[in-house]
Amino acid sequence: MQAVHLQLGVLAGVEQAALQFSYEIVTAGTPLEGSALVIHDVPVRVYCPNCAQEGEVVNPARMRCPTCEGLCSDLRSGKELYLSALDLFGEPDLEETKV
Ligand SMILES: [Zn+2]
């Protein structure tokens, strides 16, 4: 096992540094020992009823539409925490599959 890819939403409430640190600890002595944990940021996206489209929230503390600045509560992404790919035998990145 060379690398484990994780999709991590900005709003998942998990700190990347803490995750990397725990990964080393929990994989020590397992077949995953020495493999890399690759964390991919998933941006916060909301659906704006005003603009009738999805947009990427610039500041997740204020959930506002990037186009019209309207307040949006219809969260479409940003809370993800899942494995997206496993690189085996040092092969190049596998194609990432989204759920
Ligand atoms: Zn809008």
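This note goes through the predicted model point by point, from the overall make-up to single residues.

1. Overall make-up. The protein has 1 helix and 6 strands. Read from the N terminus, the elements follow the order β-α-β-β-β-β-β.

2. Burial and contact range. The protein has 99 residues, and 11% of them count as buried. For contacts between residues at least 6 apart in sequence, 58% link residues at least 24 apart.

3. The sheet. Three strands form an open sheet in the order β2-β1-β6, and the pairing is mixed. Its edge strands are β2 (36–42) and β6 (81–87), each of which pairs on one side only. On average, neighbouring strands of this sheet are turned by 25 degrees against each other, with direction ignored.

4. The parallel pair. β1 and β2 run parallel and are joined by 7 bridges. Between these two strands the chain passes through helix α1 (residues 16–27), and the resulting β-α-β crossover is right-handed. Within the pairing, Leu 8 is placed opposite Asp 41 in β2.

5. The antiparallel pair. β1 and β6 run antiparallel, with 6 bridges between them. Two positions can be checked in the viewer: Gln 7 lies opposite Tyr 82 in β6, and Ala 3 lies opposite Asp 87 in β6.

6. Gln 2 and Asp 87. Gln 2 belongs to the segment before β1 (3–9). In sequence, Gln 2 and Asp 87 are 85 residues apart, yet their C-alpha atoms are 5.5 Å apart in space. Asp 87 is also the residue opposite Ala 3. Is Gln 2 buried or exposed? Gln 2 counts as partly exposed because 15 other C-beta atoms lie within 10 Å, whereas a buried residue needs 20 or more and an exposed one has 12 or fewer.

7. The nonpolar core. Which residues make up the largest nonpolar core? This core has 6 residues in all: Val 44, Val 46, Val 57, Cys 48, Cys 65 and Cys 72.

8. Contacts of Cys 65. Leaving out residues up to four places away in sequence, Cys 65 touches Val 46, Cys 48 and Cys 72, each of which is listed in the largest nonpolar core along with Cys 65. The other residues that Cys 65 touches under this count are Asn 50, Cys 51, Gly 55 and Gly 70.

Technical notes:
Residues numbered from 1 in each chain as written. Predicted model: local features only at pLDDT ≥ 70, side-chain atom pairs only at ≥ 80, totals over all residues. Helix = DSSP H or I, 4+ residues; strand = E, 2+ residues; numbered from the N terminus. Contact = placed C-beta atoms within 7 Å. Pairing = 2+ DSSP bridges. Axes fitted to C-alpha atoms, helices over the stretch in contact; angles between N-to-C directions. Core = buried A, V, L, I, M, F, W, Y, C linked by C-beta atoms within 7 Å. Right-handed = clockwise from strand over helix to strand, strands pointing away.
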